[in-house]
Amino acid sequence: MSERTVILASTSGLHARPAAVFVQKAKGFQSQISLSKNDKTVNGKSILSIISLGALQGDEVTIKASGADEENALSDLTTLLEQDLG
């Protein structure tokens with residue numbers, strides 16, 4: 001399992017559209033993906049779970065990946081969260 005911590009750049013945080021973009025990208029990987037904010041960890045392939053984090057622009061989130069393509073998943077998903085998905 002690998003993980004990276006990212007500061008959200010998206011002006012609307014991880015709500016509706018940005019969460020959908022993240023989930024769509026995460027589902028393209030075989031690895032299990034999770035996203036954490038503070039003490040809450042959710043399934044990175046579930047849009048409702050991601051929205052429930054209530055992550056806003058400037059919040060620190062941790063992406064965890066476990067599986068055959070975990071390094072590629074972390075790299076791509078980190079880059080995605082560092083962009084404005086709004």
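Here, a residue is buried under 20% relative accessible area, exposed over 50%, and partly exposed in between. The views below all come from a predicted model.

**View 1. Four strands make up an open sheet.**
Reading across the sheet, the strand order is 1-4-2-3, and the pairing is antiparallel. Strand 1 (2-7) and strand 3 (40-43) sit at the edges, each pairing on one side only. From one strand to the next, the twist averages 25 degrees. Helix 3 (residues 70-81) lies across strand 1, strand 2 and strand 4. Its direction is at about 5 degrees to that of strand 1.

**View 2. Strand 2 meets strand 4 on one pairing and strand 3 on another.**
Strand 2 (residues 32-37) and strand 4 (residues 60-66) run antiparallel and are joined by five bridges. Look for serine 36 here: threonine 62 of strand 4 stands opposite. Strand 2 also pairs with strand 3, again in the antiparallel sense, over four bridges. In that pairing, lysine 37 has lysine 40 of strand 3 opposite. As background, strands of a sheet pair through backbone hydrogen bonds, either parallel or antiparallel.

**View 3. Serine 34 is a buried residue of strand 2.**
How accessible is serine 34? Its relative accessibility is 16%, so serine 34 falls under the 20% limit and counts as buried. Leaving out residues up to four places away in sequence, serine 34 touches Thr41, Val42, Gly44, Thr62, Ile63 and Lys64.

**View 4. Asparagine 38 sits at the turn of a hairpin.**
Strand 2 and strand 3 form this hairpin, with two residues between the strands. Asparagine 38 is in the loop that connects them. What is the phi of asparagine 38? The value is near 55 degrees, which is positive even though the residue is not glycine. Most residues other than glycine have a negative phi. Asparagine 38 is also exposed, at 70% relative accessible area.

**View 5. Arginine 4 and glutamate 71 form a salt bridge.**
A search of the whole structure turns up two salt bridges, and this view shows one of them. The closest N and O atoms of arginine 4 and glutamate 71 are 3.8 Å apart. Arginine 4 belongs to strand 1 and glutamate 71 to helix 3, so the pair ties together parts that are 67 residues apart in sequence. Are the two partners buried or exposed? Arginine 4, at 31% relative accessible area, is partly exposed, and glutamate 71, at 43%, is partly exposed too.

**View 6. Aspartate 59 and lysine 37 form a salt bridge.**
Here the closest N and O atoms are 3.3 Å apart. Aspartate 59 comes from the loop between helix 2 (47-52) and strand 4, while lysine 37 is in strand 2. The two are 22 residues apart, so this pair links distant parts of the chain. Charged or not, lysine 37 is buried, with a relative accessible area of 15%.

**View 7. Helix 1 has a buried face.**
Which residues of helix 1 are buried? They are Pro18, Ala19, Phe22, Val23 and Ala26. Down the helix axis, these buried residues fall within an arc of 135 degrees, so they line one face. Strand 2, helix 2 and helix 3 are among the elements that cover them. Over on the other side of helix 1, you'll find Ala16, Arg17 and Gln24 exposed.

**View 8. The largest nonpolar core holds 23 residues.**
The members that touch the most others are Phe22, Ile33, Leu35, Ile50, Ile63, Leu77 and Leu81. Helix 1 (16-26), strand 2, strand 4 and helix 3 each put in at least two residues. Helix 3 gives the largest share, five residues. For a closer look, pick isoleucine 50. Setting aside its neighbours within four places in sequence, isoleucine 50 is in contact with Leu14, Ala19, Phe22, Val23, Leu35, Val42, Asn43 and Gly44.

**View 9. Serine 10 is a buried loop residue.**
Serine 10 is in the loop between strand 1 and helix 1. At 3% relative accessible area, serine 10 is buried. How far apart are serine 10 and glutamate 70? Along the sequence they are 60 residues apart, and in space 23 Å, C-alpha to C-alpha.

Definitions and conventions
Residues are numbered from 1 along each chain as its sequence is written. This is a predicted model: local features need pLDDT of at least 70, side-chain atom pairs count only at pLDDT 80 or more; totals for chains, interfaces and linings use all residues. Side-chain values use heavy atoms; hydrogens and water are left out. Two strands pair if DSSP finds at least two bridges between them. Axes are lines fitted to C-alpha atoms, for helices over the stretch in contact, and angles run from 0 to 180 degrees between N-to-C directions. Contact means heavy atoms within 4.5 Å. A nonpolar core is a set of buried Ala, Val, Leu, Ile, Met, Phe, Trp, Tyr and Cys residues joined through side-chain atoms within 4.5 Å. Buried means under 20% relative accessible area, exposed over 50%, partly exposed in between (1.4 Å probe, protein chains only). A salt bridge is a side-chain nitrogen of Lys or Arg within 4 Å of a carboxyl oxygen of Asp or Glu. The arc is that of the directions from the helix axis to the C-beta atoms.
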